[in-house]
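Here's a quick walk through a structure you may not have met before. Have a look at it first, then read on.

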Amino acid sequence: MPIVAQSTETTDWVSRFADEVIEESERRAPGKPVVVASGLSPSGPIHLGNLREVMTPHLVADEIRRRGYQVRHLISWDDYDRYRKVPAGVPGVDETWAEHIGKPLTSVPAPKGSAYPNWAEHFKAAMIQSLAELGVEFDGISQTEQYTSGVYREQILHAMKHRGDIDAILAQYRTKKAPAKKQQQKPVDEAELEAAEGSGAAAEDDGSSGSAGYFPYKPYCGNCEKDLTTVTSYDDDSTELTYSCTSCGFSETVRLNEFNRGKLVWKVDWPMRWAYEGVIFEPSGVDHSSPGSSFQVGGQIVGIFGGKQPIGPMYAFVGISGMAKMSSSKGGVPTPADALQIMEPQLLRWLYARRRPNQSFKVAFDQEIQRLYDEWDRLEAKVADGTALPADVAAHSRAVRTASGELPRTPRPLPYRTLASVADITAGHEDQALRIVSDLDPANPLASLDEARPRYDKAEAWINTHVPADQRTIVRDEPDTELLKSLDEQGRESLRLLLDGLAGNWSLDGLTHLVYGVPKVQAGFSADATPKELPPEIKTSQRSFFALLYQLLVSRDTGPRLPTLLLAVGQERVRHLLGA
């Protein structure tokens, strides 16, 4: 039996939508599972903007499941859409793929070297794997299978019979086209990833209008398989349809009540599915929600099929910061798989859960990922000690678990920035990495690097794929004798104070206290003095001292946090490089 009481997490957007969806589902289809939906087009790499199309209904569906209701989250794979263009930068794809433009995505060859039978299956596979890692439960529906097996035959015949009504609705908007905007193309690390490119959005196709009038149906050519066809006649009684192909010149006459090689145009297809599946909740991107767009028009067309428009919040763009050139070569846009290579599923879920659908946000591939992880770890601590705000508690809960249980997590979640520094310095030597991370907390050392996984692996992947080579850390082999000789007495004393304190402070906290304390002691203050007790020039002295250490250790003015760097280099080598 459903748990009728509302969630206690009533301060977050997910709970509010769940309340509305449950109420609407009880009104439209009492006693039946609640249906939420997403649509994805595997026309190329399915990117992090597209992921919002899935995560928004997933989070709502999961909240409804937590309350004891049955829910179906449908993901319609729009793999029967036409192949529109050859995406740039996809490995194994060249200009010869242009000959397939106009065919269904499932009739286009997969990129060279792919293990999958066609273009659509190749790009679906990566997304399905990512959704599994993210804990997203869904029922996948292939539109190729739906159309070619005749599932929608009655809906197609109904649409053709009522083509005049559909045409009249579409005609209200055909004269209201907004002027085209000139938009400067942004590089991928600045671009906003629009989630609606799939699901037929790129087409916004009204239908086939030839000398015989308007038809909301497009056959795929029986000769070249392309949708560059025009319906030239149709008889409602016999369902006899004749079409011609403008690509190859082929024409034929078929009976639509037996013909399964074509589809309804997008602005009709989408509302037909709302009615057919009984969808209660489906979000849409900003382009779908503008005047005359498919969501608005669909709200009128769905009535022709005896259905109602779903509750459909508009969602904003997803931005990207710092996508490295190495990853950009995968097709120009970062995918969920790219993000999951460098961050745990909980963090990625949290990014989508904590912002309302109409709020944009960025997924970080640059140094910002370290700040995001710091923020996440602080939230974890606040949730654990009961000081987090209710909305933050709700977002955290949605990130770490679903109605089916907790997502796998790192047993010892050490700071991401620390693990990244360790991975950077050790360059793949796991025995050295274990030595360093064990020294982070000598009272409770790690027995195995597995205790820090998968977070350690994510941090290592970030270092290897998103940090430019000239920013990697290379520890010197021999001391910089010229620099050591050039030091004045104050510089030499600062090194002596550090070296004298190494053995007694050999932990992350101890070394942090030591490196910040040396300039304080040199200025006549206690190493424990707080910033309020110190003059402003102490900060300048600390920066100078840090720059000296970086030059002596890694021949740069900056680098990983010094306590982590010192632990990584090891006491003996630190003493050697600092001229002990």
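## Two helices that cross

Let's start with a pair of helices, α14 and α21, whose crossing is right-handed. This is a predicted model, and in it helix α14 covers residues 416–426 while helix α21 covers residues 562–569. Their axes come within 10 Å and cross at roughly 40°.

Which residues of α14 meet α21? On the α14 side you'll find Thr 418, Ser 421, Val 422 and Ile 425. They meet Thr 564, Leu 565 and Ala 568 in α21. Sort the residues of this contact by type and you get four nonpolar, three polar and no charged.

## The chain as a whole

Now zoom out. The chain has 580 residues, and 52% of them count as buried. Along the way there are 22 helices and 17 strands.

How do contacts reach along the sequence? Take the contacts between residues at least 6 apart in sequence: 72% of them join residues at least 24 apart. A few such pairings come up further down.

## A helix with a buried side

Helix α8 runs over residues 294–301, and its buried residues are Ser 294, Phe 295, Val 297, Gly 298 and Ile 301. These buried residues sit on the same side of α8, because they cover an arc of only 160° around the axis.

What do the buried residues of α8 pack against? Two of the partners are helices, α6 (163–174) and α7 (266–277), and β12 (284–285) joins them.

## Cysteines without disulfides

If you go hunting for disulfides here, you'll come back with zero. Take Cys 221, which is in no disulfide: the nearest cysteine sulfur belongs to Cys 248 and is 3.6 Å away. A disulfide needs the two sulfur atoms within 2.5 Å, so a pair at that distance doesn't count. Cys 221 is also buried, with a relative accessible area of 0%.

Cys 245 has a similar story to tell. For Cys 245, the nearest cysteine sulfur is that of Cys 224, 3.7 Å away, and again there's no disulfide. With 4% relative accessibility, Cys 245 counts as buried.

## Backbone oddities in the loops

Some backbone details are worth a look. One is a cis peptide bond, which joins Arg 453 and Pro 454 with omega at about 5°. Where does Pro 454 lie? You'll find Pro 454 in the loop between α15 (430–440) and α16 (455–466).

Then there are positive phi values in residues other than glycine. Glu 225 has a phi near 70° and lies in the loop between β7 (217–219) and β8 (229–234). Ser 555 has a phi near 60°, and its place is in the loop between α20 (537–554) and α21, the helix that crosses α14. Are these two residues buried or partly exposed? Glu 225 counts as partly exposed at 34% relative accessibility, and Ser 555 counts as partly exposed at 37%.

## Far in sequence, brought together in space

Leu 131 is a handy reference point for two residues from elsewhere in the chain. Ala 337, found in helix α10 (residues 336–342), is 206 residues from Leu 131 along the chain, yet their C-alpha atoms are separated by 9.2 Å. Met 55, whose place is in helix α2 (residues 48–66), is 76 residues from Leu 131 in sequence and 9.3 Å from it in space, C-alpha to C-alpha.

What about their surroundings? Ala 337 counts as partly exposed, at 36% relative accessibility, whereas Met 55 is buried, with a relative accessible area of 1%. Leaving aside residues up to four places away in sequence, Met 55 touches Val 136, Arg 349 and Tyr 352.

Finally, look at Asp 12, in the segment before α1 (13–28). How many residues lie between Asp 12 and Ala 394 in sequence terms? They are 382 residues apart, but 6.7 Å apart in space, C-alpha to C-alpha. Asp 12 touches Ala 394 and also Arg 398, not counting residues up to four places away in sequence. Asp 12 is buried as well, with a relative accessible area of 7%.

Terms used:
Residues numbered from 1 in each chain as written. Predicted model: local features only at pLDDT ≥ 70, side-chain atom pairs only at ≥ 80, totals over all residues. Heavy atoms only, no water. Buried < 20%, exposed > 50% of the residue type's maximum accessible area, 1.4 Å probe, protein only. Helix = DSSP H or I, 4+ residues; strand = E, 2+ residues; numbered from the N terminus. Arc of directions from axis to C-beta. Contact = heavy atoms within 4.5 Å. Axes fitted to C-alpha atoms, helices over the stretch in contact; angles between N-to-C directions. Left-handed = near helix turned anticlockwise from the far one by under 90°. Nonpolar A, V, L, I, M, F, W, Y, C, P; charged D, E, K, R; others polar.
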